[in-house]
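Ready for a few warm-up exercises on a protein model? Have a look at the sequence and the 3D view, then work through the tasks below.

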Amino acid sequence: MLPKLSVWVAALWWGSLTTVGFYVVPMLFANLPSPAIAGNMAAKLFAVQTWIAVACGLLLLLVSRSNQPLAQVELAQAATVFIILGMLLALLGEFAVAPRIVARQNLPLWHSVGMALYIAQWVCAGLTFRKLQPKVA
């Protein structure tokens, strides 16, 4: 049961990043009356996404305890680096970059940094999902 749960949690993490970052936020900027309104809403969505990432990461770390069968432990250990890195990237984006974007400090620079962190987190979540997939013989 736990190996399946970890795959589902990793899929939720990666899927939520994909949906928010590559579909919902661009739709906000395309359809809301001003970029300021879209930016404020995007900031709120990215904040929620940060806590989804942290919750998924913590759950994945809890599920991957070493009292699982050996095959599952090896899968979890391979994913642990990506889980921790993804969580750190999410928190860094939320607490170091997002306040600067909201304050409109050097917006092109901080928006680029935030986007790079988000894409790196998306890659970590995707690699976590891939690493947690059971190997098919």
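The protein chain has 4 helices and 0 strands, where helices (H or I, at least four residues) and strands (E, at least two) are DSSP runs numbered from the N terminus. This is a predicted model, in which local features need pLDDT of at least 70 and side-chain atom pairs count only at pLDDT 80 or more, while totals for chains, interfaces and linings use all residues. Residues are numbered from 1 along each chain as its sequence is written, and side-chain values use heavy atoms, with hydrogens and water left out.

**Exercise 1.** Work out which pattern the protein chain follows along the sequence, and what share of its residues is buried.

Solution. Step one: reading along the sequence gives α-α-α-α. Step two: buried residues account for 33% of the 137 residues in the protein chain. Here, buried means under 20% relative accessible area, exposed means over 50%, and partly exposed is in between (1.4 Å probe, protein chains only).

**Exercise 2.** Count the aromatic pairs, and classify the pair Phe22 and Trp122.

Solution. Start with the rule: rings of Phe, Tyr and Trp (its six-membered ring) pair if their centres lie within 6.5 Å, and planes under 30 degrees apart count as stacked, over 60 as edge-to-face and the rest as tilted. That rule gives 5 aromatic pairs. For Phe22 and Trp122, the ring centres are 5.3 Å apart and the planes stand at 75°, so this pair is edge-to-face. Next, place the two residues: Phe22 sits in helix 1 (residues 2–31) and Trp122 in helix 4 (residues 107–132), so the pair links distant parts of the chain, 100 residues apart. Last, check accessibility: Phe22 is partly exposed at 41%, and Trp122 is partly exposed at 26%.

**Exercise 3.** Do the same for Phe46 and Tyr118, then find the cluster they belong to.

Solution. Phe46 and Tyr118 make an edge-to-face pair, 5.2 Å centre to centre with 70° between the planes. Phe46 is in helix 2 (residues 35–63) and Tyr118 in helix 4, and this pair also links distant parts of the chain, 72 residues apart. Phe46 is partly exposed, with 29% relative accessibility, whereas Tyr118 is buried at 12%. Put it together: Trp14, Phe22, Phe46, Tyr118 and Trp122 form one aromatic cluster.

**Exercise 4.** Describe helix 2: what is its span, and which of its residues are buried?

Solution. Helix 2 has 29 residues and spans 41 Å from its first C-alpha to its last, close to the expected 42 Å (the expected span is 1.5 Å times one less than the number of residues). Its buried residues include Ala38, Ala42, Gln49, Cys56 and Leu60. Val48 is in helix 2 too, but Val48 is partly exposed at 48%.

**Exercise 5.** How do helix 2 and helix 4 pack?

Solution. Their axes lie 13 Å apart, at an angle of about 30°; axes are lines fitted to C-alpha atoms, for helices over the stretch in contact, and angles run from 0 to 180 degrees between N-to-C directions. Helix 2 and helix 4 are therefore roughly parallel (under 35 degrees; over 145 is roughly antiparallel, 65 to 115 roughly perpendicular and the rest oblique).

**Exercise 6.** Locate Phe82, and give its distance to Leu127.

Solution. Phe82 is in helix 3 (residues 70–102) and is partly exposed at 21% relative accessibility. Phe82 and Leu127 are 45 residues apart in sequence, and their C-alpha atoms are 6.8 Å apart in space.
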